[in-house]
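Please open the model in your viewer and keep the sequence panel beside it. The tour below moves from one selection to the next and says what is found at each stop.

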Amino acid sequence: MTSSPSAHQSALFLCIATLLGLGLPACGADTDRVTTLVDGRAVVTFERPLCRGDVDLIDETISHVEESLDVQVEDPIEIFLWSRFANVIDYCGEGPLGCYTNGEIHTLWEGLEHEIVHAVHAPLGWPEPLWSEGIAEALSGRTRDGQDDVLSLVGLEDSRQVDYATAGHFTRWLLEEHGVDGIRALARESSFESVYGRMLADANVDYEADAPWSYPDWNTCRGARLDATSQAEWVHEFDVDCDGPWSSAEYGTGPTAHRTIDIDQSGTYRVYFTGVRMVSALACQLDVLVDRPEDDMAGDIVSETAGLVLPTFFAGDEPYEIQLEPGRLQLSFTIEGEASTVGFELRRLGP
């Protein structure tokens, strides 16, 4: 994986200078892109300005990784966010959602937190892919049991050969069972045997016997909570814009705002949205799942009218009937334009 660091390093200097008010011209990775400085620790270019929620997420993710690995970001991380996979391929090649290469992150939104782990981790060393990708997965998100055997990943030289699910799940198991010190040592290229005092094959026996099927994200389902306005009923109206908390500029039509609701009763619900272009619903995994659910998803949502499954997408100004189970949902409201007052109604109809 290669890129052109000299041009981007020059752009980085101009971007920081502009953001610090030194009077230099506007900047970005390309002339039609916008650069945002995140608390002096990251310089992010995207096709439009980041929203407040994006900046908060990047800042919180960097802090989370710094604390987990006991390392401090010294120089701003250069991040190039893309909305098209073809742009990522130009820098990362076929396959990955993103990459950290030549001191830069190039990624789709879905791979952002994973690549931030790599960037924060980089000054500590670069262990073999089992551990570099395992740590990136374990610290960035939800981990589930993978398809490959852990021992089959030992000694691989190319990250593309690694089953990310297995590497991340095993590393997360180590973190949960033995604490963060071992992960910090692996990140600094220490051998497994010197860190844990046993052979990897022996640890793998315990892992296969005891590990749960899935661990939740470190920041599961971001978003302000919408409380029930009466029993099994939510009726809310709120403003969505790029300056609000829990906001995002990921989609091109307008800002997205994240909210969460807690469902206490299973049953059929009617849901209706106004002032939005699209709403997506995602079930939140809050707890460790010991066994794999039959539907392969915690708190599954199925639209009875549209035949949709998670993540479920809804259009505005159209009623839907959906079957819900108890649990927490994250709702993401995407609007047209720069600002909108959105309405949200969810009512339980019956069993």
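A disulfide is taken here as a pair of cysteine sulfur atoms within 2.5 Å. In this predicted model, the count by that rule comes to three disulfides.

Begin by selecting Cys92 and Cys99, whose sulfur atoms lie 2.0 Å apart and form one such disulfide. The torsion about their S-S bond is about -75 degrees, so this disulfide is left-handed. Both Cys92 and Cys99 are buried.

Next, select Cys51 together with Cys242, a disulfide in which the sulfur atoms are 1.9 Å apart. This pair links distant parts of the chain, with Cys51 in the loop between β2 and α2 (52–69) and Cys242 in the loop between β9 (233–241) and β10 (247–248), 191 residues apart. Here the torsion about the S-S bond is about -105 degrees, so the disulfide of Cys51 and Cys242 is left-handed. As for exposure, Cys51 is buried at a relative accessible area of 1%, whereas Cys242 counts as partly exposed at 21% relative accessibility.

Now move to Cys221 and Cys284, which form a disulfide with their sulfur atoms 1.9 Å apart. Cys221 lies in the loop between β7 and β8 and Cys284 in strand β13 (residues 278–284), so the pair ties together parts that are 63 residues apart in sequence. The link of Cys221 and Cys284 is left-handed, with -105 degrees about the S-S bond. When the bonded cysteines of the protein chain are numbered in sequence order, the pairing reads 1-5, 2-3, 4-6.

Stay on Cys221 and turn to its backbone. Most residues other than glycine have a negative phi. The phi of Cys221, however, is positive, near 55 degrees, in a residue other than glycine. The residue sits in the loop between β7 (214–215) and β8 (224–225), and Cys221 is buried, with a relative accessible area of 13%.

For another positive phi, select Asp39, which is not a glycine and has a value of about 50 degrees. Asp39 lies in the loop between β1 (34–38) and β2 (42–46). Is Asp39 buried or exposed? At 55% relative accessibility, Asp39 counts as exposed.

The next stop is the interior. In soluble globular proteins, nonpolar side chains tend to be buried together. In this model the largest nonpolar core has 44 residues, and those with the most contacts inside it are Ile58, Leu69, Ile77, Ile79, Phe170 and Leu174. Select Ile79 and display its surroundings: leaving aside neighbours within four places in sequence, Ile79 is in contact with Ala42, Val43, Val44, Thr45, Ile58, Ile105, Leu112 and Ile116. A second, separate core of 25 residues can be picked out by selecting some of its members, among them Leu226, Val271, Phe344 and Leu346.

Finish at Val154, which is placed in the loop between β6 (143–144) and α6 (164–178). With a relative accessible area of 40%, Val154 is partly exposed. Which residues does Val154 contact, leaving aside its neighbours within four places in sequence? The contacts of Val154 beyond those neighbours are with Glu128, Leu130 and Leu200. Adding Trp131 to the selection lets you inspect a C-alpha to C-alpha separation from Val154 of 9.1 Å in space, for two residues that are 23 residues apart in sequence.

Methods
Residues numbered from 1 in each chain as written. Predicted model: local features only at pLDDT ≥ 70, side-chain atom pairs only at ≥ 80, totals over all residues. Heavy atoms only, no water. Core = buried A, V, L, I, M, F, W, Y, C linked by side-chain atoms within 4.5 Å. Buried < 20%, exposed > 50% of the residue type's maximum accessible area, 1.4 Å probe, protein only. Contact = heavy atoms within 4.5 Å. Helix = DSSP H or I, 4+ residues; strand = E, 2+ residues; numbered from the N terminus.
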